[in-house]
Amino acid sequence: MKFVALFFLLGGFFFTTVAAIGVIRFPDFYTRLHASGKGDTLGVAMSIIGLAIYNGFNLISLKLMFIVVFIFLANPIGTHVLSRAAYRSGIKPWVRKGE
Amino acid sequence: MSVNNGTSRRAELIQFVVLSLALFVFWFILSGRTDAKHIIIGIVTAIVTSWICRPVLRLKSTTNRGEVIAAYNLPYIKLIPYIFWLLWEVVKANIDVALLVLNPKMPIEPLMVKFKKSMSNPVAHALLANSITLTPGTITVDVQDGVYTIHALTKSAALSLAPEKGEGEMPTRVGKLFNEK
């Protein structure tokens, strides 16, 4: 059981790190939003699932699973609101030049 | 007319009771205490909350003006396989984006695409927009009258949602879920 928890925690660590690297490497607002908004969703969710498995089945892990569900519902909404605000205030998306 | 009104009022009452019970169970799990004080506070809070939420749960149809759709009228059983499919898609797409980020050449090709999906249930629109944003590589930027503006990280991500011909897999699945064409 501990190895399954370890797998989930390491997976969460990996995806969160990739999200952070993506925020630094990507060229403009929208693409950075791709990295931060979604790498985090899976990364944080996997970390919390790993903690819940490590904890065993009790009330605390049930509460942790509620947190996962709410992250999955709320994180896309935050990403969408940010991107819509940017779109409506006229930020042009970056495109690859020289096609 | 009166019969119709009566049944909708009854459905609303049932919904009120179910929502109160669900909120109370949620309270009970979160508080984890069984003494009278906490249970009474929980019951009162659940009832007041679902009473306040009553008007929010009556949604206006997006295609047919004047028609009212209840937010709680969801295909719950059909939602379960959809959620598992979506989770698998999220994991697959996240690995794709991780490979893009770690690739030294960073072969991204961002573009905006638009596609139209007319569904009358606002909950279906919310579910589709949420699913699109949840899958890495695509963000729902704007939804207006059933026209989705999507920002995609790569061309293949854009094409999987809005192919040249026909319809992407995700809009089709959501449409089937809510029995809309």
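**View 1. L161(B) is a buried residue of chain B, with a relative accessible area of 7%.** The cut-off for buried is under 20%, so a residue at 7% falls on the buried side. What you're looking at is a predicted model. L161(B) belongs to helix α5 of chain B, which covers residues 155-161. Who are its neighbours? Leaving out residues up to four places away in sequence, L161(B) touches I132(B), T138(B), I150(B), E167(B), G168(B), M170(B) and P171(B). Pick out I132(B) from that group: it sits 29 residues away along the chain, and the two C-alpha atoms are separated by 8.5 Å.

**View 2. I132(B) has 0% relative accessibility and counts as buried.** Here we hop over to the partner from the previous view. I132(B) is part of helix α4 of chain B, residues 122-134. Which residues does I132(B) touch, not counting those up to four places away in sequence? The list runs F115(B), T138(B), I139(B), T140(B), Y148(B), I150(B), L161(B) and M170(B). T138(B), I150(B) and M170(B) may ring a bell, since L161(B) touches them too. Now look for T34(B): it is 98 residues from I132(B) in sequence, and 41 Å separates their C-alpha atoms in space.

**View 3. H38(B) sits in helix α2 of chain B, residues 36-52.** Is H38(B) buried or exposed? It is buried, because its relative accessible area is 17% and the limit for buried is under 20%. Setting aside neighbours within four places in sequence, H38(B) is in contact with W27(B) and R33(B).

**View 4. T16(A) is a partly exposed residue on helix α1 of chain A.** We've now switched chains. The relative accessibility of T16(A) is 31%, and partly exposed covers the range between 20% and 50%. If you skip its neighbours within four places in sequence, T16(A) is in contact with D40(A), G43(A) and V44(A). S36(A) is another handy landmark: 20 residues separate it from T16(A) along the chain, and their C-alpha atoms are 8.5 Å apart.

**View 5. Helix α1 of chain A runs over residues 2-25 and has the span you'd expect.** At 1.5 Å a residue, its 24 residues should cover 34 Å, and the end C-alpha atoms are indeed 34 Å apart. Which residues of this helix are buried? They are A5(A), G11(A), G12(A), F15(A), V18(A), A19(A) and G22(A). What do those buried residues pack against? Part of the answer is in chain A, namely α2 (29-55), and part is in chain B, namely α3 (76-102).

**View 6. Chain A is built from three helices and zero strands.** Read from the N terminus, its elements go α-α-α. Chain A is more spread out than a compact globule, because its radius of gyration is 17 Å, well over the 13 Å that the globule rule gives for 99 residues. Its C-alpha atoms fill a box of roughly 55 × 25 × 15 Å along the principal axes. Of those 99 residues, 35% count as buried. Take the contacts between residues at least 6 apart in sequence: 70% of them join residues at least 24 apart. The accessible surface of chain A is about 5800 Å², and carbon and sulfur atoms account for 76% of that.

**View 7. Chain B mixes six helices with five strands.** In what order do they come? From the N terminus on, the elements run α-α-β-β-α-β-α-β-β-α-α. The radius of gyration of chain B is 21 Å, whereas a compact globule of 181 residues would come out near 16 Å. Along the principal axes, its C-alpha atoms fill a box of roughly 65 × 45 × 25 Å. The buried share is 39% of the 181 residues, with H38(B), I132(B) and L161(B) among them. For contacts between residues at least 6 apart in sequence, 64% join residues at least 24 apart. Chain B exposes about 10900 Å², with 66% supplied by carbon and sulfur atoms. As for charge, chain B carries 19 positive and 12 negative charges, and the mean positions of the two sets are 6 Å apart.

Methods:
Residues numbered from 1 in each chain as written. Chains lettered and ligands numbered in written order. Predicted model: local features only at pLDDT ≥ 70, side-chain atom pairs only at ≥ 80, totals over all residues. Heavy atoms only, no water. Helix = DSSP H or I, 4+ residues; strand = E, 2+ residues; numbered from the N terminus. Rg over C-alpha atoms; globule rule 2.2 N^0.38 Å. Buried < 20%, exposed > 50% of the residue type's maximum accessible area, 1.4 Å probe, protein only. Contact = heavy atoms within 4.5 Å. Areas by Shrake-Rupley, 256 points an atom, 1.4 Å probe, with all protein chains shown as cover. Lys, Arg positive; Asp, Glu negative; His and termini not counted. Charge placed at Lys NZ, Arg CZ, Asp CG, Glu CD. Expected span 1.5 Å × (residues − 1).
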